[in-house]
Amino acid sequence: MVVFSKNPIHSVLYLILTFFTISGHYVLLNAQFLAAVNIIVYAGAIMVLFLFVIMFLNLKKESEVHKTNLAKAAAVISGGILLVIFVAVFRKATFVPVDATNFNSQIGMVKTLGQILYKDFLVPFELVSVLFLSAMVGAVMLGKKEEGERNTF
Amino acid sequence: MKEVPEILQQIPQNYYVLLSSTLFIIGVIGVLTRRNALIIFMSVELMLNAVNLLLTTFSAYKSDPTGQVFVFFIMAVAAAEVAVGLAIIVMMYRYMRSIDVGILDRLKF
């Protein structure tokens, strides 16, 4: 429904619903930290940003020209072929069953993830902070008004 | 706790892989079908989430936390990318008055 609804606000709401269900799957898979982070970051921050932009640009209904029917049909057919390829590949794949003796039930918890994040993955962690800084600078730079531009859109 | 949760015993991994692939394909169809730049962006986020689900599945079934750490980094990168992407879309609206991606067909306007 995200991709098919005419009103972009409906798309955002369906996507928020999708994120909540994916967080539910994370809880099922014993990844509780990721479930909480998913809700906070994706459904809480990113989708709110999307809603801000949609309200800001005042898009109510999809009033633009749609793609030609041929393009839409080609898109759906290519997507369908890709799905068939995925299904065909994954039917042949054999998955290692869950190892009952080596199972560690603490891998989804915050403590274990935090320890691994700070011990083994420290360099990417710090680089992500630099990435955030550059993204923030970029976003502010892109949002600046040029000289001599009108004040209203 | 050493016993495997019954969720992991009962749901085979195939189902989660299929679910993740389906979400990914829906995202791909969304990117290819729509002309609204915001909807395309949201479909890209849907694709990223499908991959997150797949990584978390394998991390849970193999008791390897590397997958979940990778998901954490993917979420961080996606958040930064959304910030910059939305700034670009706002700038596009400011110049073109429309966020139809079909009008972006030349290098300089």
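Visitor: Is Val140(A) buried or exposed?

Guide: In this predicted model, Val140(A) lies in helix H5 of chain A, which spans residues 122-143. A residue counts as exposed if 12 or fewer other C-beta atoms lie within 10 Å of its own. Because Val140(A) has 11 other C-beta atoms within 10 Å, Val140(A) is exposed.

Visitor: How far apart in space are Val140(A) and Asp120(A)?

Guide: In sequence, Val140(A) and Asp120(A) are 20 residues apart. Taken from C-alpha to C-alpha, their separation in space is 33 Å.

Visitor: What distance separates the centres of domain 2 and domain 3 of chain A?

Guide: The domain assignment of chain A places domain 2 at 68-94 and domain 3 at 105-145, with domain 1 at 1-63. Taken over C-alpha atoms, the centres of domain 2 and domain 3 of chain A are separated by 34 Å.

Visitor: Which helix supplies the largest share of the largest nonpolar core?

Guide: The largest nonpolar core has 47 residues, and Leu15(A), Met47(A) and Leu38(B) are among those with the most contacts inside it. Helices H1 and H2 of chain A and helices H2, H3 and H4 of chain B each supply at least two residues of this core. The largest share, 13 residues, comes from H3(B).

Visitor: Which element of chain B gives the most residues to the side that touches chain A?

Guide: The contact takes 61 residues from chain B and 65 residues from chain A. On the side of chain B that touches chain A, the residues divide into 40 nonpolar, 15 polar and six charged. Helices H1, H2, H3 and H4 of chain B each give two or more residues to this side. The most, 21 residues, come from H4(B).

Methods
Residues numbered from 1 in each chain as written. Chains lettered and ligands numbered in written order. Predicted model: local features only at pLDDT ≥ 70, side-chain atom pairs only at ≥ 80, totals over all residues. Helix = DSSP H or I, 4+ residues; strand = E, 2+ residues; numbered from the N terminus. Buried ≥ 20, exposed ≤ 12 C-beta atoms within 10 Å, placed from the backbone. Core = buried A, V, L, I, M, F, W, Y, C linked by C-beta atoms within 7 Å. Domains from an automatic or database assignment. Contact = placed C-beta atoms within 7 Å. Nonpolar A, V, L, I, M, F, W, Y, C, P; charged D, E, K, R; others polar.
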